[in-house]
Amino acid sequence: MAAKNWGTDKEIDYFREYLRIPSVHPNPDYEPCVEFLKRQAENLDLPVEVYYPLDKQNPVVVLSWEGTEKEWPSILLNSHMDVVPVFPEKWTHPPFGAEVDEEGRIFARGSQDMKCVGMQYLAAIRALKAKGLRFKRTIHISFVPDEEVGGRKGMMPFVSSEEFKSLNIGFSLDEGISSPTAEFPVFYAERTLKGVIFKISGSAGHGLLLMPNTAGEKLSYITSKMMEFRASQLKRLKDNPELQIGDVTTINLTIVDGGVQSNVVPPLLTAVFDVRLSLDLKVSDFNSFLVNLCEEAGGDIEFEFTSKRRNDHTAPTVTDESNPFWMAFKRATDELSLKNKLQVFPGGTDSRYIREVGIPALGFSPINNTPVLLHDHDEFLRVETYLRGIEIYKKIIENLASVES
Ligand SMILES: [Zn+2]
């Protein structure tokens, strides 16, 4: 097959230009993204604002398309500008080259996660504007920094800023995950990150003794109970093929630390577990479990959470007739005959900050029949998948921005 000239599509050119900006961790430089997005705003004839909710190194860029009903709550289309690091020697194409191969695959870090989505929002709006359309609700398209390392310099401070409040957002769209099958996952909730650090004190002394209450015995008890809990969740998954990883609690021992010398029983050992609570497990119940566990293990054990965020689960986004935005989204994907699957996001995205301030949010990336290569080597997206995604967003955006008040 002769290589097709993919460069003839203007939208593909914009996408590849954005992919070539190496806004990569650690220490990404976002200024070239800001400059690029300002040019996009000019091309689209839309106003653009740059906010700095934390510091000058971490800009939030917002383009806005005003609706006819200016007072109505707006629609937010969010994406992050940052990408995860690369190991170029593991790639068959340069990770920031955005090369297109003969099969029409665009290779670049961010091609799936998630520079595609940000550019598809803009491409869809460019097409809708070109048709002379205008909608009732204002649409804001935001590009945020720092998502890949937790959003503490991006969406987290942004949602509590006056600038964010003044956008008057009623509903938000953000990233999902690519799908290797025909189905499109739609994420309406996220698990609660509740990593635990145990600081286990015990009697210290010479290693030739058999002292009571050593930190090692207590660590052994705690680890065995945590692993029992882990096994119970694994069993839930095995017993019910309907369940996804986001539906259960995950527990993994990640760090064990302490000790000074091989023949000295240490006064303190530390153990860290990565824990993500399923929606059906209350933080308060998990906390009681940990309090009991520390007592049963012999006491003199302190624990704290790796994340100091709110203790409650953030309410999932409602996906029934009572949420007109969900109904508008679903109508769009139904009309396009897309197969949706509602899921709980297994990791964390910026949507959790949006939901925390009470705004309904869905996670969706219009990428199906594509291997999941987020954070992987040779991340790519097919030209045809990208262009199809623009068509999908045109319908979704039109429907969302037309929801009656
Ligand atoms: Zn992402």
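Modeller: A residue is termed buried if 20 or more other C-beta atoms lie within 10 Å of its own, exposed if 12 or fewer do, and partly exposed in between, with C-beta atoms placed from the backbone. The model is predicted: local features need pLDDT of at least 70 and side-chain atom pairs count only at pLDDT 80 or more, whereas totals for chains, interfaces and linings use all residues. Residue numbers run from 1 along each chain as its sequence is written.

Colleague: Why is Pro-32 called partly exposed?

Modeller: Pro-32 has 15 other C-beta atoms within 10 Å. That count falls between the two limits, so Pro-32 is partly exposed. Its place is in helix α2 (residues 31-44); helices (H or I, at least four residues) and strands (E, at least two) are DSSP runs, numbered from the N terminus. Pro-32 and Tyr-18 stand 14 residues apart in sequence, with a C-alpha to C-alpha distance of 9.1 Å.

Colleague: What makes the protein as compact as a globular protein of its length?

Modeller: The protein, with 10 helices and 18 strands, has a radius of gyration of 24 Å, close to the 22 Å that the globule rule gives for 405 residues, so it is as compact as a globular protein of that length. The radius is taken over C-alpha atoms, and the rule is 2.2 Å times the number of residues to the power 0.38. The C-alpha trace spans about 80 × 50 × 45 Å along its principal axes. Buried residues make up 40% of the 405 residues.

Colleague: What share of the contacts with a separation of 6 or more joins residues 24 or more positions apart?

Modeller: Their share is 77%, where a contact requires C-beta atoms, placed from the backbone, within 7 Å.

Colleague: Which residues have the most contacts inside the largest nonpolar core?

Modeller: They are Cys-33, Tyr-121, Ala-124, Leu-362, Ile-397 and Leu-400, in a core of 76 residues. A nonpolar core is a set of buried Ala, Val, Leu, Ile, Met, Phe, Trp, Tyr and Cys residues joined through C-beta atoms within 7 Å. Helix α3 (residues 115-130) gives the most to this core, with nine residues. A second, separate core of 16 residues includes Ile-200, Met-226, Ala-271 and Leu-290. Not counting residues up to four places away in sequence, Cys-33 touches Ile-21, Ser-23, Met-81 and Phe-143.

Colleague: Where do domain 1 and domain 2 lie in the sequence?

Modeller: The assignment, which is automatic or from a database, gives domain 1 as 6-191 + 313-401 and domain 2 as 195-305. Their C-alpha centres lie 38 Å apart. Eight residues of domain 1 are in contact with nine residues of domain 2. On the side of domain 1 that touches domain 2, strand β16 (residues 340-345) gives the most, with three residues.

Colleague: How do you know that Asp-113, Glu-148 and His-375 cluster in space?

Modeller: An unreviewed UniProt entry lists these three under "binding site"; UniProt positions follow the numbering used here, feature names are shortened, and annotations may be inferred rather than shown by experiment. The three are spread over 263 residues of sequence, yet their largest C-alpha distance is 9.8 Å. The unreviewed entry also places a "binding site" feature at His-80, Asp-113 and Glu-175. Those residues are spread over 96 residues of sequence, with a largest C-alpha distance of 8.7 Å.

Colleague: Is Glu-148 buried or exposed, and why?

Modeller: Glu-148 has 20 C-beta neighbours inside 10 Å. The limit is 20 or more, so Glu-148 counts as buried. Glu-148 lies in the loop between β6 (139-144) and α4 (155-159). Beyond four places in sequence, its contacts are His-25, His-80, Asp-82, Val-83 and Val-84.

Colleague: Why does His-375 count as partly exposed?

Modeller: His-375 has 14 C-beta neighbours inside 10 Å, a count between the limits, so the term is partly exposed. His-375 lies in the loop between β17 (361-363) and β18 (380-382). Leaving aside neighbours within four places in sequence, His-375 is in contact with Val-84 and Asp-113.

Colleague: What makes Asp-113 buried?

Modeller: Asp-113 has 27 other C-beta atoms within 10 Å, so it meets the limit for a buried residue. Asp-113 is in the loop between β5 (105-107) and α3. Its contacts, apart from neighbours within four places in sequence, are Glu-175, Leu-374 and His-375.

Definitions and conventions
Two residues are in contact if their C-beta atoms, placed from the backbone, lie within 7 Å.
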